Amino acid sequence: MRTEFLKACKGEKTDYTPIWIMRQAGRYLPEYHTVRSKGSFLDLCKNPERAAEVTLQPVDIIGVDAAILFSDILVPLEKMGCPLEFHEKRGPVFPSPIRTQAAVDALRIPDAEGDLGYVMDTIRILRKELVNKVPLIGFSGAPFTLATYLIEGGSSKNYLLTKRMMYENPALYGQLLDKITDCTIAYLKGQVAAGAQALQIFDSWVGVLAPCDFRDFAYPYVKRIIDALKAVTDIPLIYFANHGATLLPQTKHCGADVLGFDWRIGLDDVVRQVGQTVSIQGNLEPLCLFLPEDKLAARVRMVLEEAKGARGHIFNLGHGIVPEADPAKAKLLVKLVHEISREMRG
Ligand code: CP3
């Protein structure tokens, strides 16, 4: 198995900089559409053989250094008792949003194997398939990001209902976040037991919070998850706070092995702030995949240069790859990261 990804997470020396891509299994790959056309997105998540098949696609087709489990951050919420739908245009929808004490009280904490066994089965299949390939990353959403979907009932522009609950009824908000946190801890522990070799916590929407609200309404729950996992496993934990540059003075203390960054901050700035305490992941602007080859190579070199002083660096896009991206360009990106980072090591 290629271990560069795991080594970089722990700050060990590597021959080249490893790369994986957020949303690497997905709609930019024609091979994904072939499998996906057999049913709905949720059907695909719940079918371990097919979910494993699409997880492996980017490993075989574009050559990334880690696989990420094919699933969605929202599937454990369904098992908390919130029916989940994915609509072609609107994306995820929770038809019965969680906005009252009664609704929060009714939420249950799912059992990883009993309720989410299909995810654990996918992980077990993948570990067999990946023995001679690359490590497997499991994941969850972070409590704030998950809560926005439950409270808003789906995706949101301004998070009005979430922030209103935070400010108008902080006790209820706290109970909801505590339950989501308990669910996430059980879910991630289950993934570790099933064989995940690293875990990423996606805080996709946390960048909409003021730093003081992050401190009070989001960070404590992330910290609780990381502390609970650190008590049972040594596998690398990655915390990705999207749009989180202004939160870095806080996130750098969260206890994760790796912090992930979007493209709105330079990694040189990140390194100045975190020093050698953690490894870093990121952060090429995803739409750079539309640059011509020479300009893409220059941007790759720039990101690698900026990350040079880091304890460890895992190359990634600053957020998910878009469905319009050309798989050949994604493959070229992987090749450029490997070649240029080898060359920089002399
Ligand atoms: O990264 C991977 O390749 C693994 C699979 C993965 C998916 N979703 C598959 C998916 C992962 C890690 C996620 C995480 C996820 N899901 C996040 C956090 C990452 C981020 O992008 O910030 C979020 C916020 C979600 C919620 C979600 N799922 C939304 C908002 C949508 C609809 C919008 C969109 O991008 O399509 C989804 C659907 C989804 N999740 C698809 C895929 C491949 C598209 C579904 C399809 O095939 O129709």
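Which residue has a polar backbone atom 2.9 Å from an oxygen atom of the ligand? In this predicted model, the residue is Ala25, whose contact with the ligand oxygen is made through the backbone. Side chains contribute further polar contacts. A polar side-chain atom of Tyr32 is placed 2.5 Å from an oxygen atom of the ligand, and for Arg36 the corresponding side-chain distance to a ligand oxygen is 2.8 Å. On its own the ligand has 870 Å² of accessible area, of which the protein covers 89%. The ligand is surrounded by 22 residues, and those that come nearest are Arg27, Tyr32, Asp72, Ser204 and His319.

Tyr32 also takes part in the aromatic contacts of the protein. The whole structure contains 8 aromatic pairs. In one of them, Tyr32 is paired with Phe70 in a tilted arrangement, with 5.7 Å between the ring centres and 50° between the planes. Tyr32 belongs to helix α2 (residues 30-36), whereas Phe70 is found in the loop between β1 (67-68) and α5 (75-79); the pair therefore ties together parts that are 38 residues apart in sequence. Both partners are buried: the relative accessible area of Tyr32 is 3%, and Phe70 has a relative accessibility of 7%. Tyr32 and Phe70 are joined by Phe41 and Phe86 in one aromatic cluster.

A second pair, between Tyr167 and Phe217, is edge-to-face, with the centres 6.4 Å apart and the planes at 85°. Here two helices are involved, since Tyr167 lies in α9 (residues 160-168) and Phe217 in α11 (residues 211-217), so that the contact ties together parts separated by 50 residues in sequence. Phe217 has a relative accessible area of 13% and is buried, because this value falls under the 20% cut-off. An aromatic ring is also involved in a contact with a charged group: the charged end of Arg264 sits over the ring of Trp263, at 4.2 Å from the ring centre.

With regard to the overall fold, the protein comprises 16 helices and 9 strands. Along the principal axes, its C-alpha atoms fill a box of roughly 60 × 45 × 40 Å. The radius of gyration is 19 Å, which agrees with the value near 20 Å that a compact globule of 346 residues would have. Of these 346 residues, 59% are buried.

Definitions and conventions. Residues are numbered from 1 along each chain as its sequence is written. This is a predicted model: local features need pLDDT of at least 70, side-chain atom pairs count only at pLDDT 80 or more; totals for chains, interfaces and linings use all residues. Side-chain values use heavy atoms; hydrogens and water are left out. Rings of Phe, Tyr and Trp (its six-membered ring) pair if their centres lie within 6.5 Å; planes under 30 degrees apart count as stacked, over 60 as edge-to-face and the rest as tilted. Helices (H or I, at least four residues) and strands (E, at least two) are DSSP runs, numbered from the N terminus. Buried means under 20% relative accessible area, exposed over 50%, partly exposed in between (1.4 Å probe, protein chains only). A charge sits over a ring if NZ of Lys or CZ of Arg is within 6 Å of the ring centre and within 35 degrees of the ring normal. A residue is near a molecule or strand if one of its heavy atoms lies within 4 Å of it. A polar contact is a pair of N or O atoms within 3.5 Å; within protein, one must be able to donate a hydrogen and the other to accept it, and residues adjacent in sequence count only if both atoms are side-chain atoms. Accessible areas come from the Shrake-Rupley method with a 1.4 Å probe; for residues, only the protein chains shown count as cover. The radius of gyration is taken over C-alpha atoms; the globule rule is 2.2 Å times the number of residues to the power 0.38.
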